[in-house]
Amino acid sequence: MKRELTAGHFSFHSKGACPDCGGSGYERIFLTADFSVDKTCPTCHGNRFMEESLQVQYHGKTIVDVLNMSISEACIFFAEEKSIAKPLGILEQMGMGYLTLGQPTASLSGGEAQRVKLTKELGQQHRGHILYILDEPTTGLSLYDTKLLLKLLQQLVADGNSVIVIEHNIEILKHCDYIIELGPEGGDLGGEIIAQGTPAELKENAHSKTGRYLA
């Protein structure tokens, strides 16, 4: 059966939104002018999509089922769809396989948001002569996942790009070509360059507070 549905019908921000709740998944009931409660939408039952969109399935999964998948699950489910599997695979390599496909971007940490943007760049065809600036990209990562991220950063450099990382993670600092260490403390007590050079040079710099950990 041909339904003439478009991509917009599979977005709760567009044509696919439940007509009663507008894609929010709930109804807001105002008890007073300043106080309200949210009630699950009785039409879509919190799924946020119109019924016609939910009738379409891909390998037995509706759009709601797909959005509830973790990235790791989606990598397996979409293994034959290379245009989908490639960016998902990069996200999993970065240690983000626990995120769900439908997770709101507003709920991502700063480090997670940066890694999502980095994944988008890694999925592009252009290579070389790009400067990437990352602020604490290892936030929330385990040691194992940090090593996966480091491998991808090294690939960016190998492709002819430059990467500047604002980081405290020693595992990342050990692999930097050049380090600029700010201090002597944080906040108002910082902001001065107290040491700079290669990791090997910082290990020999008596002013460096990081050098002793780079061995």
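Good morning. In this structure, four elements each supply at least two residues to the lining of the largest pocket: α6 (143–158), β4 (162–166), α7 (170–173) and β5 (179–183). I should say at once that the model is predicted.

Let me stay with that pocket. Its volume is about 920 Å³. The lining comprises 27 residues, and those that lie nearest the centre are Val165, Glu167, Leu173, Cys176 and Ile179. Sorted by class, the lining of the largest pocket holds 16 nonpolar, seven polar and four charged residues.

I turn now to the second largest pocket, which has a volume of about 450 Å³. Here 18 residues form the lining, with Ile71, Leu91, Thr100, Leu101 and Val116 nearest the centre. Two or more residues of this lining come from each of α4 (82–93) and α5 (110–122). Which element gives the most to the lining of the second largest pocket? That is α4, with five residues. The classes in this lining are 13 nonpolar, four polar and one charged.

A word on how such spaces are found. Rolling a probe the size of a water molecule over the atoms shows where empty space is left.

Next, the strands. In a regular strand the side chains alternate between the two faces of the sheet. Strand β3, residues 131–135, shows this alternation. Which of its side chains are buried, and which are not? Tyr132 and Leu134 point to one face and are buried, whereas Leu131, Ile133 and Asp135 point to the other face and are not buried.

Strand β3 pairs with β4 in the parallel sense, over five bridges. Within this pairing, Leu134 stands opposite Val165 of β4. Val165 has already appeared among the residues nearest the centre of the largest pocket. The two strands are also part of a β-α-β unit: β3, α6 and β4 together make one, and it is right-handed.

Finally, the nonpolar interior. The largest nonpolar core has 22 residues, and Met94, Leu118 and Leu122 have the most contacts inside it. The elements that contribute two or more residues to this core are α3 (71–77), α4, α5, β3 and α6. Of these, α6 gives the most, with four residues.

To draw the threads together, consider α6 once more. This helix supplies at least two residues to the lining of the largest pocket, belongs to the right-handed unit with β3 and β4, and gives the most residues to the largest nonpolar core. Helix α4, in turn, gives the most to the lining of the second largest pocket and also contributes two or more residues to the core. Thank you for your attention.

Methods. Residues numbered from 1 in each chain as written. Predicted model: local features only at pLDDT ≥ 70, side-chain atom pairs only at ≥ 80, totals over all residues. Heavy atoms only, no water. 1 Å grid on protein atoms, 1.4 Å probe; cavity = no way out; pocket = protein on both sides within 12 Å on 5 of 7 lines; lining within 4 Å. Points joined across faces, edges and corners; volume = space filled by probe spheres on them. Nonpolar A, V, L, I, M, F, W, Y, C, P; charged D, E, K, R; others polar. Buried < 20%, exposed > 50% of the residue type's maximum accessible area, 1.4 Å probe, protein only. Pairing = 2+ DSSP bridges. Right-handed = clockwise from strand over helix to strand, strands pointing away. Core = buried A, V, L, I, M, F, W, Y, C linked by side-chain atoms within 4.5 Å.
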